[in-house]
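Could you walk me through this model in the viewer, one selection at a time? I would like to know what to pick next and what I will find there.

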Amino acid sequence: MLEATYDSNQDLMNLVLSMVRQLSDRWMSQLAWVTGAQHGVMWTIRHSPAHEGGGLVDGGFDEKEGRQISLGERLVMFFSTIIFNTTCRLGSFDTSLSVSVQKGLGSSWQDGGISGGFAKLRAKFGVGTWDLEFSGGRNIIDWNTGLGAGVSLSAEGVTLRLKMSRGGHKISIPVLLASETRPGLATVALSLLVGISALVQYQIVNPIQKAQVLEAKEEARRTRKVGMERSRSDAEASLELMIVAVERSRAHEEEAMGLVITRALFGSAAAVKKATVEMESVKGREIELELVECADALQYLVQDSKVLLYTSSKSSIQGAWDPTALEDDERALAVWYNFRGIPHYCIIDSYEPLEIPLKFHRLQIARPAIGS
């Protein structure tokens, strides 16, 4: 790529020739030559998070493989979700090495903060100068806008930087807090910045976002109410026709100590993950709770003490339906079942295959101590 730049303030013009190469799905390298008033060479290498998820969830458990995640896998997961950038400049006006590390916060932890909040650490070392900056911010995808702030400690002093980006354009407003290198002041300023950011996030942003989600769900419920009521009626009609076969299957499996579905819930992934086997029946409140009971629908599918459902939406199971309000919300299925008299539990995404029984679904039961 060839581009020309002109600085009217300093009356400087530069011609830049750059080459970019994608080294892998995560690594990119760029080499640029600058000729003109600020001639030199710049080399950059950048690491970005992978796009695929991988089934990893909070709590250190891999739901897809049903096992705990090892420490090594945790470290790989942590570093694979970091945006890492290194730039080396050799020129007449700037000879320096800068390194930055950016980590996503909250729901954007997997993409390095591209879709939400992030924290960033940047260090720059040059001839006769240095700069260390810690910053944070939030990218607002709908508005194509980013807002942030940071505290910089350098040879020139302590600086507070307020930042904003919009459509690829960036604005940075520096506020000089001290003209001397004072680490104590930088620490205090950073602590205040983090505290104010947390206060704004939890007291202003989170309530607004929660209200917006609830409003969107209510609107979606009103829009989809007729369709969901029809789906519920069709599912209940199917269950009435299936009830004799369901009771026969349950009685046979109980007698043979085989596969007995004790409870199953399908719906919004957030609601399914909070559900427990002891919670009250959701019948009559499916649209409100975004959950539907489907134990009978799964028991109907039991053959030879097994259930195998291939990749398809679980709302297509005969006798089940989808009570989730928002189209973009993730769906999940939770199943509690007994096999050989032992309780089991599993939770899967709507489009994941369901295979039960499996050994790693077995729940740990506290056994009385010998002699008690």
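Which side chain meets that of Arg232 in a salt bridge? Select Arg232 together with Glu229: their side chains form the bridge, at 2.8 Å from N to O. Keep in mind on this tour that the model is predicted.

**Stop 1: along helix H2**

Both partners belong to helix H2 (residues 183-255), where they sit three residues apart, about one turn of the helix. Colour them by accessibility and the two differ in class: Arg232 has a relative accessible area of 15%, under the 20% limit, so Arg232 is buried. Glu229, at 29%, is partly exposed.

Stay on the helix and go to Glu254, which also has its place in H2. Glu254 is partly exposed, with 46% relative accessible area. Now add Gly341 to the selection: this residue is 87 residues away from Glu254 along the chain, yet their C-alpha atoms are separated by 8.4 Å.

**Stop 2: a bridge between strands**

Next, select Glu133 and Lys163. Their side chains meet in a salt bridge, with 2.6 Å from N to O. Glu133 lies in strand E11 and Lys163 in strand E13, so this pair ties together parts that are 30 residues apart in sequence. Is each partner buried or partly exposed? Glu133 is buried, at 3% relative accessible area, while Lys163 is partly exposed, at 30%.

Widen the selection to Arg122, Asp131 and Arg161. Together with Glu133 and Lys163, these residues are linked in a network of salt bridges.

**Stop 3: the second largest pocket**

Keep Lys163 selected, for this residue also leads to the second largest pocket. Among the 37 residues that line the pocket, Lys163 is one of those nearest its centre, along with Gln102, Phe118, Lys120 and Lys170. The elements that each give two or more residues to this lining are strands E8 (82-91), E9 (96-104), E10 (117-126), E11 (129-140), E12 (145-154), E13 (157-166) and E14 (169-178). Show the pocket as a volume and you are looking at about 1200 Å³ of space.

**Stop 4: a nonpolar patch on the surface**

Switch to a surface view and select Leu2, Leu15, Leu17, Met19, Trp33, Val41 and Leu90. They make a nonpolar surface patch of about 660 Å². Which strand gives the most to this patch? That is strand E2 (residues 12-22), with three residues. Then pick out Val41, which is found in strand E4 (residues 40-47). Val41 is partly exposed, at 34% relative accessibility.

**Stop 5: a buried pair**

Now select Asp322 and Arg331. They form a salt bridge in which the closest N and O atoms are 2.9 Å apart. Asp322 has 17% relative accessibility and counts as buried; Arg331, at 12%, is buried as well. If you would like to go through the remaining bridges, the count for the model comes to 12 salt bridges.

**Last stop: two cysteines**

Finish with Cys294 and Cys346. Cys294 is buried, at 3% relative accessibility, and Cys346 is buried too, at 5%. How many disulfides does the model have? The count comes to zero, so no pair of cysteine sulfur atoms lies within 2.5 Å.

Technical notes
Residues numbered from 1 in each chain as written. Predicted model: local features only at pLDDT ≥ 70, side-chain atom pairs only at ≥ 80, totals over all residues. Heavy atoms only, no water. Buried < 20%, exposed > 50% of the residue type's maximum accessible area, 1.4 Å probe, protein only. Patch = residues over 30% accessible without salt bridge, like charges linked within 9 Å, V, L, I, M, F, W, Y side chains within 5 Å. Areas by Shrake-Rupley, 256 points an atom, 1.4 Å probe, with all protein chains shown as cover. Salt bridge = Lys/Arg side-chain N within 4 Å of Asp/Glu carboxyl O. Helix = DSSP H or I, 4+ residues; strand = E, 2+ residues; numbered from the N terminus. 1 Å grid on protein atoms, 1.4 Å probe; cavity = no way out; pocket = protein on both sides within 12 Å on 5 of 7 lines; lining within 4 Å. Points joined across faces, edges and corners; volume = space filled by probe spheres on them.
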